[in-house]
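Here are some informal notes to read with the model open beside you. I start towards the C-terminal end and work around from there.

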Amino acid sequence: MTDTVLFILEIVGTAVFAASGALAGLQRQLDAFGVVILGVCTACGGGVIRDLTLGITPPVMFCQPVYALVAMGVSALVFLPAVRHLLAVESRAYELVMLWLDSIGLGLFTVVGVQCAFQQAQDYNLFLLVFVGVITGVGGGVLRDVLSNQKPYIFVKHFYACPTLIGALLCALCWRHLGDIPSMLLGAAVILVLRLCAAHFRWGLPHAADLPE
């Protein structure tokens with residue numbers, strides 16, 4: 001049961017992150033190949049960094065190509081003219097879809113990272129669990145932004161990394177008391193709610209430009 005739920009969470013996270021990466025590729029006016037590559041890097045990049053951190057070689061992405069195939073399929077779907085017209089990159093719909101996709105993927109991949117750290121590390125501690133959760137959640141988005149020549153979202157937008165840290169920490173702390181699946185769902189839900197609230201209420205951390213000379 002746990003493996004099935006975990007697989008579903010990974011596939012959903014892969015699909016939504018691939019869509020966000022593909023949409024970013026459309027915004028940068030990439031060709032079909034570029035859109036697909038950006039979608040795959042966004043969807044699978046965090047997992048590859050996670051696996052290398054935990055000493056899992058080769059990374060799961062290459063041993064189980066279902067994740068890359070899902071990412072490719074979703075990215076190709078986003079490139080279709082009907083979808084591109086529906087989600088014009090300058091429209092309000094595009095901003096909302098990007099926010100929801102990014103927030104859902106962030107929450108799911110963060111708690112999956114915590115689960116992988118619990119499963120793989122023999123001498124895990126709280127720092128390792130939270131660190132692996134955070135890099136799994138934000139790694140793909142950072143790759144997406146770097147490859148599309150934008151400032152990484154994690155550094156400039158809507159209180160982005162803090163919900164990831166809070167959700168990963170909450171998931172890790174509740175693991176022993178609530179069990180794996182409830183802890184993962186709780187952590188993912190907290191990240192999603194905090195991200196959406198941050199966007200709606202314009203929460204943010206101080207910027208260097210805001211500091212006095």
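1. Let's begin with helix 10, bearing in mind that this is a predicted model. Its buried residues are Ile181, Ser183, Met184, Gly187, Ala188, Ile191, Leu194, Arg195, Ala198 and Ala199. You'll spot an arginine, Arg195, in that buried set.

2. How does the length of helix 10 check out against 1.5 Å a residue? The helix runs over residues 180–201, and its 22 residues should span 32 Å; the end C-alpha atoms sit 31 Å apart, so the two figures agree. Just past the end of helix 10, Arg202 has a positive phi of about 60°.

3. Helix 4 gets the same check. With 14 residues (66–79) at 1.5 Å each, a span of 20 Å is expected, and the end C-alpha atoms are indeed 20 Å apart, which agrees. Buried here are Tyr67, Ala68, Ala71, Val74, Ser75 and Val78. Those residues take up an arc of only 130° around the axis, so they are on the same side of helix 4.

4. Two of those helix 4 residues come up again with Thr14, which is in helix 1. Setting aside neighbours within four places in sequence, Thr14 contacts Ala43, Tyr67, Val70, Ala71 and Phe109. Is Thr14 buried or exposed? Its relative accessibility is 3%, and buried means under 20%, so Thr14 counts as buried. If you want a long-range distance from here, take Thr164: it is 150 residues from Thr14 along the chain, and the two C-alpha atoms are 17 Å apart.

5. Now have a look at how helix 2 (residues 32–54) packs against helix 7 (residues 126–147). The angle is about 140° and the axes are 7 Å apart; the crossing is right-handed. On the helix 2 side, the residues that meet helix 7 are Leu38, Cys41, Thr42, Gly45, Gly46, Ile49, Arg50, Thr53 and Leu54. Helix 7 brings Phe131, Val132, Ile135, Thr136, Gly139, Gly140, Gly141, Leu143, Arg144 and Leu147. Sorted by class, that contact holds nine nonpolar, eight polar and two charged residues.

6. Which peptide bond is cis? The one from Thr57 to Pro58, with omega near -10°. Pro58 belongs to the loop between helix 2 and helix 3 (60–63).

7. A couple of backbone angles are worth a glance too. Gln29, in the loop between helix 1 (2–27) and helix 2, has phi near 60°, a positive value in a residue other than glycine. Asn149 also has a phi near 60°, again positive and again not in a glycine; you'll find Asn149 in the loop between helix 7 and helix 8 (153–156). As for accessibility, the cut-off for exposed is over 50%. Gln29 is at 73%, so it counts as exposed, and Asn149 is exposed as well, with a relative accessible area of 64%.

8. One more loop residue, with another burial value: Ala121, between helix 6 (92–120) and helix 7. Its relative accessibility is 16%, so Ala121 counts as buried. Measuring C-alpha to C-alpha in the model, Ala121 is 22 Å from Leu186, and the pair are 65 residues apart in sequence.

Terms used
Residues numbered from 1 in each chain as written. Predicted model: local features only at pLDDT ≥ 70, side-chain atom pairs only at ≥ 80, totals over all residues. Heavy atoms only, no water. Axes fitted to C-alpha atoms, helices over the stretch in contact; angles between N-to-C directions. Helix = DSSP H or I, 4+ residues; strand = E, 2+ residues; numbered from the N terminus. Left-handed = near helix turned anticlockwise from the far one by under 90°. Contact = heavy atoms within 4.5 Å. Nonpolar A, V, L, I, M, F, W, Y, C, P; charged D, E, K, R; others polar. Expected span 1.5 Å × (residues − 1). Buried < 20%, exposed > 50% of the residue type's maximum accessible area, 1.4 Å probe, protein only. Arc of directions from axis to C-beta.
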